[in-house]
Amino acid sequence: MELRFGAENSENPSKSHRVVSSFLEGISIIPIFGCIKRYAKEKVRLRKIGKPINDEFDRLIGVTAVENKLILVTDNQKDFERIDGIKIENWFKRK
């Protein structure tokens, strides 16, 4: 969803969608249906401790990684690290 949003929001949506489609040919898409219960629990937990993640897509991406025992590669550690049980790697080096 986020890749498609980024493509649509780019200066050249047609070209960006082609790039996304090419990228997606080499990966498997993980269904989110098995993550819905964890998503709900995590949303409530974060809200109760006063540290919500306001981006619904980020929360869904994060709990999907946890539920599937995957490492999330992101430069957005600040938001994702709030998710219980998440493993994060940041491959983007800032100078």
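**Notebook: helix H4 and its surroundings**

I began with helix H4, residues 56-67. Its 12 residues reach 16 Å from the first C-alpha to the last, close to the 16 Å expected at 1.5 Å a residue. I am working from a predicted model.

**Start of H4.** I looked for a side chain reaching the backbone here. A side-chain oxygen of aspartate 55 comes to within 2.8 Å of the backbone nitrogen of phenylalanine 57.

**Buried side of H4.** Next I listed the buried residues of H4. They are Asp58, Arg59, Leu60, Gly62, Val63, Thr64, Ala65 and Val66. I then asked which elements they pack against. I found three helices and a strand: H1 (2-8), H3 (36-48), H5 (77-80) and strand E1 (71-73).

**Threonine 64.** I picked this residue of helix H4 for a closer look. Is threonine 64 buried or exposed? Its relative accessibility is 10%; buried means under 20%, so threonine 64 counts as buried. I checked where its polar side-chain atom goes. A polar atom of the threonine 64 side chain lies 2.6 Å from the backbone oxygen of leucine 60. Residues three or four places apart in an α-helix point the same way, because there are 3.6 residues a turn. I also noted the contacts of threonine 64, leaving out residues up to four places away in sequence. Threonine 64 touches Ile30, Ile32 and Cys35.

**After H4.** I moved on to lysine 69, in the loop between H4 and E1. Its phi is positive, about 55 degrees. I flagged this value because most residues other than glycine have a negative phi. Lysine 69 is a residue other than glycine. I looked up its accessibility too. Lysine 69 has 76% relative accessibility, and the cut-off for exposed is over 50%, so lysine 69 counts as exposed.

**Salt bridges.** How many salt bridges does the structure hold? I noted five.

I took arginine 38 and glutamate 67 to begin with. Their closest N and O atoms are 2.5 Å apart. This pair links distant parts of the chain: arginine 38 is in helix H3, glutamate 67 is in helix H4, and 29 residues separate them. I checked both for exposure. Arginine 38 is partly exposed at 33% relative accessibility. Glutamate 67 is partly exposed as well, at 31%.

I then went to arginine 45 and glutamate 42. This salt bridge has its closest N and O atoms 2.5 Å apart. Both residues are in helix H3; they are three residues apart, so about one helical turn separates them. Arginine 45 is partly exposed, with a relative accessible area of 26%. Glutamate 42 is buried, at 6%.

Arginine 82 and aspartate 79 came next. Again I read 2.5 Å between the closest N and O atoms of the salt bridge. Arginine 82 has a relative accessible area of 22% and is partly exposed. Which side of the buried cut-off does aspartate 79 fall on? At 18% relative accessibility, under the 20% limit, aspartate 79 counts as buried. I also noted a network: salt bridges that share partners join Lys43, Glu56 and Arg59.

**Summary for my own use.** The buried residues of H4 pack against H1, H3, E1 and H5. Arginine 38 of H3 and glutamate 67 of H4 form a salt bridge. Lysine 69, just after H4, has the positive phi I flagged.

Notes: Residues are numbered from 1 along each chain as its sequence is written. This is a predicted model: local features need pLDDT of at least 70, side-chain atom pairs count only at pLDDT 80 or more; totals for chains, interfaces and linings use all residues. Side-chain values use heavy atoms; hydrogens and water are left out. Helices (H or I, at least four residues) and strands (E, at least two) are DSSP runs, numbered from the N terminus. The expected span of a helix is 1.5 Å times one less than its number of residues. Buried means under 20% relative accessible area, exposed over 50%, partly exposed in between (1.4 Å probe, protein chains only). Contact means heavy atoms within 4.5 Å. A polar contact is a pair of N or O atoms within 3.5 Å; within protein, one must be able to donate a hydrogen and the other to accept it, and residues adjacent in sequence count only if both atoms are side-chain atoms. A salt bridge is a side-chain nitrogen of Lys or Arg within 4 Å of a carboxyl oxygen of Asp or Glu.
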